[in-house]
Amino acid sequence: MAGYHTRWVRPEPQAEDPERIMIREALAFGKALYDRRNALGLTVAELAERADMAEDDIECIEEGGVAPTIALLRHLAAALNADVRLTAGHDLGSVWFEPHAA
């Protein structure tokens, strides 16, 4: 095959898949809620009562099944006596609830 040349080419960087970003954000949100609830020594039932939500809803969030919204973050932050903190990333640790100063 005269004149045939093969070369390796790096694929062009692709934008992140929005669905994957949403999944990672939901997992980060769930972990943050779980971590703060445990730090306060609350059960799922106790947090659900504080937040006026169903226990199933709290469990679903903690399992990463709910995409965070600003309204939901604020609502849960109030129930946890905390502020919501966010970083630019989408990984675990990019969302957390910081306790209010005493």
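This passage walks through a predicted protein model, from its confidence to one helix and a few charged pairs. Local features are described only at pLDDT of at least 70 and side-chain atom pairs only at pLDDT 80 or more, while totals for chains, interfaces and linings use all residues. Residues are numbered from 1 along each chain as its sequence is written, and side-chain values use heavy atoms, leaving out hydrogens and water.

The protein averages a pLDDT of 89, and 85% of the residues score at least 70; pLDDT is the predictor's confidence in each residue, from 0 to 100.

Helix α3 covers residues 55-62 (helices are DSSP runs of H or I, at least four residues, and strands are runs of E, at least two, numbered from the N terminus). Its buried residues are I58, I61 and E62, where buried means under 20% relative accessible area, exposed over 50%, and partly exposed in between (1.4 Å probe, protein chains only). These three sit on the same side of α3, because they span an arc of only 95° around the axis, going by the directions from the helix axis to the C-beta atoms. The buried residues of α3 pack against α1, α2 and α4, with contact taken as heavy atoms within 4.5 Å.

Now for the charges: the whole structure holds five salt bridges, each a side-chain nitrogen of Lys or Arg within 4 Å of a carboxyl oxygen of Asp or Glu. R37 and E62 make one of them, at 2.6 Å from N to O. R37 belongs to helix α1 and E62 to helix α3, so the pair ties together parts 25 residues apart in sequence. R37 counts as buried, at 8% relative accessibility, and so does E62, at 17%.
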